[in-house]
Amino acid sequence: MIVKQDQLNARLDDLSKTMEVFAPVRERGRVYFRTVRSSGEIAWDYGVSVNSIKECFLPPRQVFLRYTSGGFETVPVANGRPRLVFLARPCDARGVTIMDKVFLGDRPDETYAALRERTTIVGLACDRPDEHCFCTSVGGSPAGTEGMDAALIPMGDGSYDLKVLSDKGRAVFPDAPADDGAIPEEFVRKAEAAVRRTVTIPETLRDSFGSDYWREVSQSCLKCGACAHLCPTCHCFDIVEEGDCRVRCWDYCQSDTFTKAAAGHDHRGAKFSRCRQRVYHKFDYYPENFGIVACVGCGRCARHCPVNSGISDLINGLNER
Amino acid sequence: MKSLYTPRLARVKSIVAETRDVRTLRLALEDAADPFDFTPGQFVELSVPRAGEATFCIASCPGDEGVLECSVKRVGAVTEAIHMLDPESLVGIRGPYGNGFPMDTLKGKDLLFVGGGIGLAPLRGLIREVLRSRDDYGGLAILYGARTAADRVYKDELDAWQGREDVRTVLTVDPGGELPDWKGRVGYVPDVLREMAPKPDDSVAVVCGPPIMIRLTLAAFDELGFDPERVLTSLELKMKCGVGQCGRCNVGPLYVCKDGPVFTCAQIKEFMEDIL
Amino acid sequence: MLDELKQQVRELFAGDVGLVIAYGRSRDERTVPVFARKPADADALVWNDRCYYNLTRYLTDRDVMGDGEGKIGIVVKGCDLKTLNVLLAEKQVTRENLAVVALRCKGMKDADGKLLAKCETCTVADPDPALCDCVIGPVPQREPREDDFADVDAIEAMPPAERLAHWSREFERCLRCDACRNICPLCYCRECLASQHDPRWIPASGSATGNRLFHLVRAFHMAGRCTNCGECERVCPVGIPLSTLMRKGARIVRESFGVEPGAAPDQRSPLASFAPNDPDPEEVAIK
Amino acid sequence: MPKKLKIVGFLCNWCSYAGADLAGVNRLQYGHEIRVIRVPCSGRVNPLLVLKCFQEGADGVLIAGCHPGDCHYQDGNYYTRRRMHVLRELLDFVGIDRRRLHLRWVSASEGAKWADVVNGVIEDVRAACEDAPDSALSLRAAAGAGDA
């Protein structure tokens, strides 16, 4: 169904009365996913947001327990309102399905499941990839709909082709007629051609585990968490005590304290082994466990790496040896 | 809302001071109706409010009625808080987690247990279990090393094992760690192991100790001609979640918390430099 | 100029230099830090207006330095030399162990081609040869603008509640990725107190209060040491104006104690020294 | 009812603590909002300790040491003077009321001054709390914030 942007805005303003809405918002010149109160705040023309939508499901800080004088009480998950993630790019929506495999697997994490359950994802097909994007190299597509409950395909004239893809999507757009959910081929072809960067994952990555390459290429790494915190699939966390609470918070595998045990032993003490861990987790270990790579090619790690060493460069560099 | 990360409550029934910095806590779950089934080699997450949560292997065996035991070495904030606990205090407990020892594969084999320091803890549960059905197993040998004679844990149990005819128990301390009345060996575990020269034949070795000791002991077993499939070790990398989500304890694609902590030497060989 | 640089680096290897840290070509229009270990590696070097890295950061990186590399060659701009001075003053590096190749600089530009703020007011584009082993390039003809600290003034002019709100909005975005700390050449502590577990000085999780504490502590630790290389602000993925915070620290120290960080390799850190006539709280209180 | 204030006082062992002691011996009255921690020297007070106090819910912090020139360790208080000056200015810059942090000199013979100082600090902290009840650094205030 073709809808105009103001129709969508009106629908969104209506929905925001009952739902908590996360949408792209421009702050100091950069676009972030934030809670919005009205459609007027939304940055429709964004490319890739700085943060990914993962924080809607794995918040940077989440209180698990609150201590009381007699023991502890568990804390309910956020507020009970249904939530809408609006205008998620295909890479981000797909990232959520990758986290699902970790958090909804054989030992489901109830807090994640609850947030996931009550959230509807409305995606926005991508017509503005930049030089760091490589979704087509890792099984994604700028016109992909994985993880979305409904998708909007920009027609280029301020209108959108709305596709409802699930019951949750149907609940948000009850008036949309049923169709097969297929994205027009012309759009797919053009969008995919616009993704110019390619990354070739070596089939025998494991053979390079002992390679000196990792020492060489990790030299410039600062061991910071810019890549991991912005990544839509990085999900490592820590559980810490804070005041009267037990809190789950983001953590990153490059950090000096991530694998350091209380007695001082650090099983990944060297910088190169941490750098390698991040690459292998995404391109070897995760695929071995779940059958797909844990990277959606959003390019954030390259875009924001302080020393210009994104994961795409790390993989391509390995190929070039 | 209750979640995977909500601990259950356990009461400290008694505390044994093993060494100057190791204590063994006997714990009983507050809600006894809720069963706590585990196999030797599994671990739990123990927590003290406002201090935090940390990983400890279960040092007792399932047959020990109504209690489970954990040995805690004082090294950081959480273990410090645990050491401050008095009997009858409450702790949080999550678990049991991990795979535990493959009891079925061990049946009928000659078993060689090699422990170092507090690394005897997971082996102790296993040894108790094995001794409980002694006839199901072949020859048993225990090699245990500690930094000094005073750093040995479970001293009474070590004596009891030494007193048994059907178990060969060899105790050693690191050079310089002996006292004048020390009657055991003096030397590092891997060296003593080489001297003992166990035959690979129908044996399974089970190794647990500090990282450096595991690494050198696995190398010694390799030299002795043991099949890496038949050398087991229990790893204890830093863990947080216990369920394969937080991303710390990878051994390649495997997680110590979920797929381990018990691994065969063959499973971890490739990733040795990342884990030990 | 680039050829001269490459030649100079090759010559360093002929001496007792084992590693040269320099700017290198990247796959995109930006640059990367490179670690040259043999003469041929010099071929990959670049020098352009995107060489914003302050490479002195790597002089205290134990994973890079390893042990027994021989002498370390380092390519610096005039502004980086100030940082090197602080590192020397704080005895984190030994001058005898370094070969300093300085480049005369016309200023660095951001992704939009705009001259960096610090370059507009730069007074060290022509590095002091006394501090370097060699200086390369033509003397830049530039008229630096006087630094008016307008960014700091703008915040000081706000009433306290508005200042709090302003910084809360900025710190709220903080992801606690530690990029600002880890790129900082003067944040060389082996164990940063901000990530220390025991005792936990600063909350680990990203929260309004935790983030505020983190940036306050960092600002305090940088006051009187920060040479305003601006790398923290450049790398911040969420664009927190960290330079403004750092420059406020610099201004306090300059106005109160008359110290300009990094002015000389033997200058004591202002917070590790004192003068009997420093501003006194009681005199202020009496006022 | 006005809020019950909590103010942490770090007192140097050689001057200010003795001064406070003298105030007690002389039965001088001053506000009970202050909780005293004795430190060997005002120079021992790492700014992190100040921030830790605020994290744990203190409304104000007072550091008291020997007068400049009188430090038992020659110059410990001179370092403190620089440090606390910078910390106070930075707190102010990010919008945290400067009246919450004080550095004062109280000698062993200045019992009366100690009482005055404490009362003055309490007054300042109370005024700051009236403008903004939360120091913006307290984790206890923030703990209830729950998850995202």
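I take a residue as buried if 20 or more other C-beta atoms lie within 10 Å of its own. With that cut-off in hand I looked up D:W105 in this predicted model, and because D:W105 has 24 C-beta neighbours inside 10 Å, I enter this tryptophan as buried.

**Entry on D:W105**

I placed D:W105 in strand 4 of chain D, which runs over residues 101-105. Leaving aside residues up to four places away in sequence, I found that D:W105 touches D:G65, D:C66, D:H67 and D:P68 in chain D, and also C:E282 in chain C. I then checked D:A128, which is 23 residues from D:W105 in sequence, and I noted a C-alpha to C-alpha distance of 22 Å between D:W105 and D:A128.

**Entry on confidence**

For the model as a whole I wrote down an ipTM of 0.92 and a pTM of 0.93. Chain D has a mean pLDDT of 92, with 93% of its residues at 70 or more. Residues 144-148 of chain D fall below 50 in pLDDT, and I noted that this stretch nevertheless has 14 contacts in the model beyond near neighbours in sequence.

**Entry on the contact between chains C and D**

Which chains share the most contacts among the five pairs that touch? I found that chains C and D do. Their contact takes 32 residues from chain D and 34 residues from chain C. On the side of chain D that touches chain C, at least two residues each come from helix 2 (47-55), helix 3 (76-93), strand 4 and helix 5 (139-143), and helix 3 of chain D gives the most, with eleven residues. Sorting that side of chain D by class, I entered 20 nonpolar, four polar and eight charged residues.

**Entry on the other chain pairs**

I next looked at chains C and A, where 27 residues of chain C are in contact with 32 residues of chain A. Strand 2 (31-36), helix 2 (62-65) and helix 7 (179-183) of chain C each supply at least two residues of the side that touches chain A, and by class this side of chain C has 13 nonpolar, eight polar and six charged residues. Between chain B and chain D I found no contact, and the closest C-alpha atoms of these two chains lie 13 Å apart.

**Entry on chain C itself**

In chain C I recorded eleven helices and five strands. Along the principal axes, the C-alpha atoms of chain C fill a box of roughly 65 × 40 × 40 Å. A compact globule of 287 residues would have a radius of gyration near 19 Å, so the 20 Å of chain C agrees with that expectation. Buried residues make up 48% of the 287 residues in chain C, and of the contacts in chain C with a separation of 6 or more, 68% join residues 24 or more positions apart.

**Entry on the two domains of chain C**

The domain assignment divides chain C into domain 1 (2-136) and domain 2 (150-272), and I noted that the C-alpha centres of these two domains lie 24 Å apart. Their contact takes 19 residues from domain 1 of chain C and 20 residues from domain 2 of chain C. Which helix gives the most to the side of domain 1 that touches domain 2? I found helix 3 of chain C (residues 78-89), with nine residues. By class, I entered eight nonpolar, six polar and five charged residues for that side of domain 1 of chain C.

Key. Residues are numbered from 1 along each chain as its sequence is written. Chains are lettered from A and ligands numbered from 1 in the order in which they are written. This is a predicted model: local features need pLDDT of at least 70, side-chain atom pairs count only at pLDDT 80 or more; totals for chains, interfaces and linings use all residues. Two residues are in contact if their C-beta atoms, placed from the backbone, lie within 7 Å. Helices (H or I, at least four residues) and strands (E, at least two) are DSSP runs, numbered from the N terminus. Ala, Val, Leu, Ile, Met, Phe, Trp, Tyr, Cys and Pro count as nonpolar, Asp, Glu, Lys and Arg as charged, and the others, Gly among them, as polar. Domain bounds come from an automatic or database domain assignment. A residue is buried if 20 or more other C-beta atoms lie within 10 Å of its own, exposed if 12 or fewer, and partly exposed in between; C-beta atoms are placed from the backbone. pLDDT is the predictor's confidence in each residue, from 0 to 100. The radius of gyration is taken over C-alpha atoms; the globule rule is 2.2 Å times the number of residues to the power 0.38.
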